[in-house]
Amino acid sequence: MIQSNYHFLYINNFKLWGAEVLDYRTKTFLTLCEEMNYRKTAEKLNMTQPGVTQHIHLLEREYGCSLFSYNGKTLTLTAEGKLLRTHLLQVMYNENWLRQEFSAAKMPTLRIGATKSIGDYMIAPDLIKLIRSGEFTVDLSIDNTQNLLENLEQGKMDFAMIEGDFDKTRWGSRKMWSEPFCGICAINHPFAGKTVLIEQLLSQHLLLRETGSGTRAIFEAGMNALGYRIDSFHKVNNISSFYVLRELIAQSDAISFGYSSVIKGDHRLSNFTVEGFPNTHDLYYVYQKNTYAETLLKKYLEIIK
């Protein structure tokens, strides 16, 4: 059972008031964090703009610090504002799960996120075990790393399986496993099954996932480490669909980069390695710190083991 939020909580020198934690002032604060505009916040909450200002000033007096500041004409969160936002979102997340526990007649929903490589090619056996266990109703969302982290922050997911980089000081995490990361090409491509030099890649037609994708970020980091950038390539196209990307590679001389799981079982495709380029990457479970999500992840891991 989650510990009730209806007591005084002290988190990193912030006092969060029991039942007032999720009151109208904090709702105004979190909405302003989303909109970063007083007028739009007032419209969204059906308030006056001075009313929004008053709510923020009340919070600032309560905590004895500024929560927002202006950089020129741009509204920004202060360090204290960012900290308060993080902890209020954690409280909201825990309260949502508390409500589910109070509703014993309804099976709880486990909201899982996964990047496309993981969701489409790696976790089907685990999800089958989870569904067959009957412990949860499962809600799986497949998206890129950037969008998954945004959904985690907003409490729309319990945990996500992520391949891209994330701030380990900001998020709770647990390593899933290390997955082979390689070049991908057609079976008859000159690179098939070989190790090539980075310079040999630059004349190739490169297909990449969209910006925000973990696969793309890993490839870009590897290129940067070797002193090259994406625009060093002769030709680059962005493809968000793995199905389309695989078909294009199989039927052309294009190359791409991703996990070996993506091409497993497709006899039209082969892999290759690049000298000096990382050939494995760690995958992680990521969740909000200081929340019930860690307990949910432990339960999930017990079910799928």
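**Figure 1. F159 is fully enclosed by the burial criterion, with a relative accessible area of 0% that classes it as buried.** The view, like those that follow, is taken from a predicted model. Y300 is likewise assigned to the buried class, its relative accessibility being 0%. Both values lie under the 20% limit, so F159 and Y300 qualify as buried.

**Figure 2. Aromatic pairs bring together residues from separated parts of the chain.** The structure contains 14 aromatic pairs. One of them joins W97 and Y292 in a tilted arrangement, with 5.6 Å between the ring centres and 55° between the planes. W97 belongs to helix α4 (residues 79-102), whereas Y292 occupies the loop between β14 (280-287) and α11; the two residues are 195 apart in the chain. W97 is buried because its relative accessibility is 3%, under the 20% limit. Y292, at a relative accessible area of 17%, is also under that limit and therefore buried. The rings of F159 and Y300 have centres 5.2 Å apart and planes at 55°, so this pair is tilted as well. F159 lies in strand β7 (residues 159-162) and Y300 in helix α11, which places the partners 141 residues apart.

**Figure 3. The largest nonpolar core of the protein comprises 56 residues.** The residues with the most contacts inside this core are M161, L201, F219, F257 and Y300. Helix α11 (residues 293-304) makes the greatest contribution, supplying seven residues. Which residues surround M161, once those up to four places away in sequence are set aside? M161 touches I112, G113, A114, T115, I118, I123, L148 and M176, together with Y284, Y285 and Y300. A second core, separate from this one, holds 18 residues, among them F29, A42, L67 and L75.

**Figure 4. D158 is a buried residue with polar side-chain contacts to Y93 and W97, its relative accessible area being 0%.** D158 sits in the loop between α7 (145-153) and β7. The side chains of D158 and Y93 are joined by a polar contact of 2.6 Å. A further polar contact, of 2.7 Å, connects the side chains of D158 and W97. Apart from neighbours within four places in sequence, the residues in contact with D158 are Y93, W97, T109, L110, R111, L152, Y287, A293 and L296. W97 thus appears both as a polar partner of D158 and as a member of the tilted ring pair with Y292.

**Figure 5. Phenylalanine rings form a cluster linked by ring pairs.** The members of the cluster are F191, F219, F233, F257, F272 and F277. F219 and F257 are also among the residues with the most contacts inside the largest nonpolar core.

**Figure 6. Charged side chains lie over the ring faces of F166 and W171.** K168 is placed over the face of F166, at a distance of 4.5 Å from the ring centre. R170 is placed over the face of W171, and the corresponding distance to the ring centre is 4.1 Å.

**Figure 7. N46 and N290 adopt positive phi values in loops of the structure.** Most residues other than glycine have a negative phi. At N46, phi is near 55°. N46 is located in the loop between α2 (38-44) and α3 (49-63). Is N46 buried or exposed? With a relative accessible area of 73%, over the 50% limit, N46 is exposed. At N290, phi is positive at about 60°. N290 falls in the loop between β14 and α11, the loop that also carries Y292. N290 has a relative accessible area of 59% and therefore counts as exposed, whereas Y292 is buried at 17%.

**Figure 8. The whole protein provides the setting for the preceding close-ups, with eleven helices and 14 strands.** Along its principal axes, the C-alpha trace extends over about 65 × 55 × 30 Å. Of the 305 residues, 50% are buried. The exposed surface amounts to about 15,600 Å², of which carbon and sulfur atoms supply 49%. Among contacts between residues at least 6 apart in sequence, 73% join residues at least 24 apart.

Terms used:
Residues numbered from 1 in each chain as written. Predicted model: local features only at pLDDT ≥ 70, side-chain atom pairs only at ≥ 80, totals over all residues. Heavy atoms only, no water. Core = buried A, V, L, I, M, F, W, Y, C linked by side-chain atoms within 4.5 Å. Buried < 20%, exposed > 50% of the residue type's maximum accessible area, 1.4 Å probe, protein only. Helix = DSSP H or I, 4+ residues; strand = E, 2+ residues; numbered from the N terminus. Contact = heavy atoms within 4.5 Å. Phe/Tyr/Trp six-rings, centres within 6.5 Å; stacked < 30°, edge-to-face > 60°. Lys NZ or Arg CZ within 6 Å of the ring centre and 35° of its normal. Areas by Shrake-Rupley, 256 points an atom, 1.4 Å probe, with all protein chains shown as cover. Polar contact = N/O pair within 3.5 Å; in protein donor to acceptor, adjacent residues only side chain to side chain.
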